[in-house]
Amino acid sequence: MSENKQNTMVEEVPLTDDMFERIGTEGLSGEDIGKQSLTYWADVWRRFRSNKMAILGLILLIAVICLLFIGPTLSGKDYQFIDASIKNTPPNSEYWFGTDDMGRDLFTRVCVGGRVSIYIGLCCTLVMFVIGSLLGALAGLKGGIVDDLIMRFCELIGNLPYLIIVIILSLVMGRSMFSLVFAMSLTAWVGTTRMVRGQILQIKEQDYVQAAKALGADTGRIIIKHLLPNTLGIIMVDVTMSVPGFIFSESFLSYIGLGIRPPETSWGALASAGQQQLMFYPYQLFFPCLLIVITILSFHLIGDGLSDALDPKLRQ
């Protein structure tokens with residue numbers, strides 16, 4: 001009898017708002033709380049901007065790009081103009097980076113050369129992304145003889161000596177921006193193809209892919225609409241990490257004389273010319289190398305931030 005009374009008394013205790021503690025919703029209505037749900041890309045951006053080093057890399061990259069395109073306008077000098085009377089002038093208020101051994105303004109040449117280096121890096125990355133993604137998705141989706149043919153072709157291309165290819169193409173096609181981009185991207189897509197193929201093999205048996213096949217969707221639509229978007233995260237990280245690699249490769253090729261032909265210039269060509277004056281005029285080597293280091297560092301910081309932001313295991 002006493003137990004029934006005690007249960008009745010417990011059930012009759014009223015619940016009020018004072019008995020609960022609100023966490024993180026002070027001053028918010030129910031409608032506002034509902035608006036706090038984030039989409040996938042909004043959550044990626046939230047996690048990316050919480051990474052201070054990634055934001056630092058993004059700021060550095062934006063600053064470098066602004067410098068490359070606005071710098072020549074600020075200096076008001078032509079990067080090809082030669083004035084022998086001011087050659088090897090150290091940095092000063094008029095020539096911010098000094099002049100080279102032919103009397104050309106080094107600041108303007110670094111800006112123009114940076115455009116060429118970044119342009120080549122982006123073009124090579126685009127070719128790598130398009131060819132590698134499509135071939136990898138096709139190999140992973142089709143399988144069988146198609147997969148075998150694509151993978152054997154990747155092994156053949158991937159085993160070609162990179163530097164010898166560049167030298168041969170430079171002799172056959174001439175030293176131009178097109179031949180340089182073609183030579184650098186000829187073998188670069190192999191790694192992307194293998195990476196995308198591995199991802200496709202994991203997700204091609206998902207229900208939404210099987211449903212698309214059952215509805216009669218062709219291979220191209222399945223790849224573009226269903227498979228590639230679900231591998232976009234890892235592809236974006238690979239692309240971000242590849243751009244600085246191509247910039248460094250172009251700088252190296254220009255440094256050894258296989259890059260851009262004068263009077264056009266690039267960071268690598270400027271570094272090669274500055275190396276010859278290192279003992280007496282070290283600033284001619286310092287400034288192009290400084291821009292190369294900052295650009296590559298910024299891309300790597302952004303790539304690390306994207307890798308963490310796109311990792312579903314780190315999503316809260």
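Me: Leaving aside neighbours within four places in sequence, which residues is Phe48 in contact with?
Reply: Bear in mind that this is a predicted model. Once the neighbours within four places in sequence are set aside, Phe48 has these contacts: Ala54, Ile55, Leu58, Ile302, Gly305, Leu306 and Ala309.

Me: Which helix gives the largest share of the largest nonpolar core?
Reply: That core has 27 residues, and Phe48, Phe97, Leu106, Val110, Ile247, Trp267 and Leu306 touch the most other members. Helices H3 (40-49), H4 (52-75), H5 (106-142), H12, H13 and H14 (283-309) each put in at least two residues. The largest share, nine residues, comes from H14.

Me: How many residues are in the second, separate core?
Reply: Val116, Ile150, Ala188 and Val190 are among its members. The full set comes to 23 residues.

Me: Is Pro263 buried, partly exposed or exposed?
Reply: Pro263 sits in the loop between helix H12 (232-255) and helix H13 (267-275). Not counting residues up to four places away in sequence, Pro263 touches Tyr79, Gln80 and Arg109. Buried needs under 20% relative accessible area and exposed needs over 50%. Pro263 has 47% relative accessibility, so it counts as partly exposed.

Me: Which helix gives the most to the lining of the largest cavity?
Reply: The largest cavity holds about 40 Å³ of space. Its lining includes Val166, Ser170, Arg175 and Leu258, and by class it has four nonpolar, five polar and one charged residues. Helix H7 (162-173) and helix H8 (177-185) each supply at least two lining residues. The top contributor, with three residues, is H8.

Methods
Residues numbered from 1 in each chain as written. Predicted model: local features only at pLDDT ≥ 70, side-chain atom pairs only at ≥ 80, totals over all residues. Heavy atoms only, no water. Helix = DSSP H or I, 4+ residues; strand = E, 2+ residues; numbered from the N terminus. Buried < 20%, exposed > 50% of the residue type's maximum accessible area, 1.4 Å probe, protein only. Contact = heavy atoms within 4.5 Å. Core = buried A, V, L, I, M, F, W, Y, C linked by side-chain atoms within 4.5 Å. 1 Å grid on protein atoms, 1.4 Å probe; cavity = no way out; pocket = protein on both sides within 12 Å on 5 of 7 lines; lining within 4 Å. Points joined across faces, edges and corners; volume = space filled by probe spheres on them. Nonpolar A, V, L, I, M, F, W, Y, C, P; charged D, E, K, R; others polar.
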